[in-house]
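I opened this notebook to keep track of which charged side chains pair up and where they sit along the chain. The entries follow the order in which I looked things up.

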Amino acid sequence: IESNPRFAPAFFMLGEIHRKMGEPSGAISAYRQVLALNPKDVEAHVRLAESFIQLDFLDAAQETIGQALAINPANREALYLQKHLAELKTPHKPGF
């Protein structure tokens, strides 16, 4: 990253490291850098949304999933996250 701060794949890998270490805040920062360099990176949008969900930032996750689907409406991971997010946002009635 130091030798080439415009190399988006390095930031993506950094995000993956943070994500796998259970550090969603660090992952969010890295994935945002990827998207600043390459706004059409669907996988970075999906990973960013996953990180938002981990922190319970559901509105930010929904917006990010929408951006991913605007780029690729058939992306399976984004479609799955969209469904998962809808379930998370649906209030559950006690006793059910």
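I began with the term itself: a salt bridge is a side-chain nitrogen of Lys or Arg within 4 Å of a carboxyl oxygen of Asp or Glu. The model is predicted, so I note that local features need pLDDT of at least 70 and side-chain atom pairs count only at pLDDT 80 or more, while totals for chains, interfaces and linings use all residues. Residues are numbered from 1 along each chain as its sequence is written, and side-chain values use heavy atoms, with hydrogens and water left out.

Entry one, the count. By this rule I arrive at seven salt bridges.

Entry two, Glu 50 and Arg 19. I found these two joined by a salt bridge whose closest N and O atoms are 3.9 Å apart. Glu 50 belongs to helix H3 and Arg 19 to helix H1, so the pair ties together parts that are 31 residues apart in sequence. For helices I relied on DSSP runs (H or I, at least four residues; strands are E, at least two), numbered from the N terminus. I then looked up accessibility, where buried means under 20% relative accessible area, exposed over 50%, and partly exposed in between, with a 1.4 Å probe and protein chains only. Glu 50 is partly exposed at 21%, and Arg 19 is also partly exposed, at 24%.

Entry three, Glu 16 and Arg 47. Here the closest N and O atoms of the salt bridge are 3.5 Å apart. Glu 16 sits in helix H1 (residues 8–20) and Arg 47 in helix H3 (residues 42–54), so that this pair, too, links distant parts of the chain, 31 residues apart. Which class does each partner fall into, buried or exposed? Glu 16 is buried, with a relative accessible area of 10%, and Arg 47 is buried with a value of 10%.

Entry four, the network. I noted that Glu 16, Arg 19, Glu 43, Arg 47, Glu 50 and Glu 77 are linked in a network of salt bridges.

Entry five, Asp 59 and Lys 89. Their side chains meet in a salt bridge at 3.0 Å, N to O. Because Asp 59 lies in helix H4 (residues 58–71) and Lys 89 in helix H5 (residues 76–89), the pair ties together parts that are 30 residues apart in sequence. Asp 59 counts as exposed at 57% relative accessibility, whereas Lys 89 is partly exposed at 36%.

Entry six, His 84. I placed this residue in helix H5, and His 84 is partly exposed, with a relative accessible area of 26%.
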